[in-house]
Amino acid sequence: MLSTNSEDVIQQCVQVLEQIANDNSVPRNIRRSANEIVERLNNVDEPMYLRTSMSISILEDISNDPNIPLHTRTLIWNVASQLETIPVDE
């Protein structure tokens, strides 16, 4: 079972990613990736380390997209940093 802290981090990240996914100023491929990450983070059938590491990997890929708005890139970096705080052993 996740600790409350990890659950809080996941929920905060999901909220930011949903904000990105619903922002029409963000390119469609980035919004699609944000939705994919939300689904992955909410998939309790996968181990936490797998959900977070795969999500961080996707975030790193989309943060390098040259078409991403600067404010969105900053949000993505913040989400990745938050996910990196979750312990691997959960």
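These legends go with a handful of close-up views of one predicted model.

The numbering starts from 1 along each chain as its sequence is written. Since the model is predicted, local features need pLDDT of at least 70 and side-chain atom pairs count only at pLDDT 80 or more, while totals for chains, interfaces and linings use all residues, and side-chain values use heavy atoms, with hydrogens and water left out.

**View 1. Asp65, a buried acid without a salt bridge.** Asp65 sits in the loop that runs between α3 (48–63) and α4 (70–84); helices here are DSSP runs of H or I with at least four residues, numbered from the N terminus. Buried means under 20% relative accessible area, exposed means over 50%, and partly exposed is in between (1.4 Å probe, protein chains only). A salt bridge needs a side-chain nitrogen of Lys or Arg within 4 Å of a carboxyl oxygen of Asp or Glu. For Asp65, the nearest side chain of opposite charge is Arg73, and that is 6.6 Å away (Lys and Arg count as positive, Asp and Glu as negative; His and the chain ends are not counted). What the Asp65 side chain does have is a polar contact with the side chain of Asn29, at 3.1 Å. A polar contact is a pair of N or O atoms within 3.5 Å; within protein, one must be able to donate a hydrogen and the other to accept it, and residues adjacent in sequence count only if both atoms are side-chain atoms. Leaving aside residues up to four places away in sequence, Asp65 touches Asn29, Ile30 and Arg73, where contact means heavy atoms within 4.5 Å.

**View 2. Arg40 and Glu46, joined by a salt bridge.** Here the two side chains meet at 3.3 Å, N to O. The count of salt bridges comes to one.

**View 3. Helix α2 and its buried face.** α2 has 14 residues, and its end C-alpha atoms are 20 Å apart, in agreement with the 20 Å it should span at 1.5 Å a residue (the expected span is 1.5 Å times one less than the number of residues). Ile30, Arg31, Ser33, Ala34, Ile37, Val38 and Leu41 are the buried ones in α2. Seen down the axis, they fall within an arc of 160 degrees, so they line one face of the helix; the arc is that of the directions from the helix axis to the C-beta atoms. Arg28, Arg32 and Glu39 are exposed, on the face turned away from the buried side.

**View 4. Ser55, tucked into helix α3.** Ser55 has 0% relative accessibility, so it counts as buried. Its side chain reaches the backbone oxygen of Arg51 at 2.7 Å. Beyond residues up to four places away in sequence, Ser55 touches Ile37, Arg40, Leu41 and Leu83. As for the helix itself, α3 has 16 residues and reaches 22 Å from first C-alpha to last, close to the expected 22 Å. Its buried residues include Met48, Arg51, Ser55 and Ile62. The buried set covers an arc of only 165 degrees around the axis, which puts these residues on the same side of α3.

**View 5. Val9 in helix α1.** Val9 counts as buried because its relative accessibility is 7%. Val9 touches Gln82, Leu83, Thr85 and Ile86, not counting residues up to four places away in sequence. Val9 and Ser81 are 72 residues apart in sequence, yet 10 Å apart in space, C-alpha to C-alpha.

Methods
Helix = DSSP H or I, 4+ residues; strand = E, 2+ residues; numbered from the N terminus.
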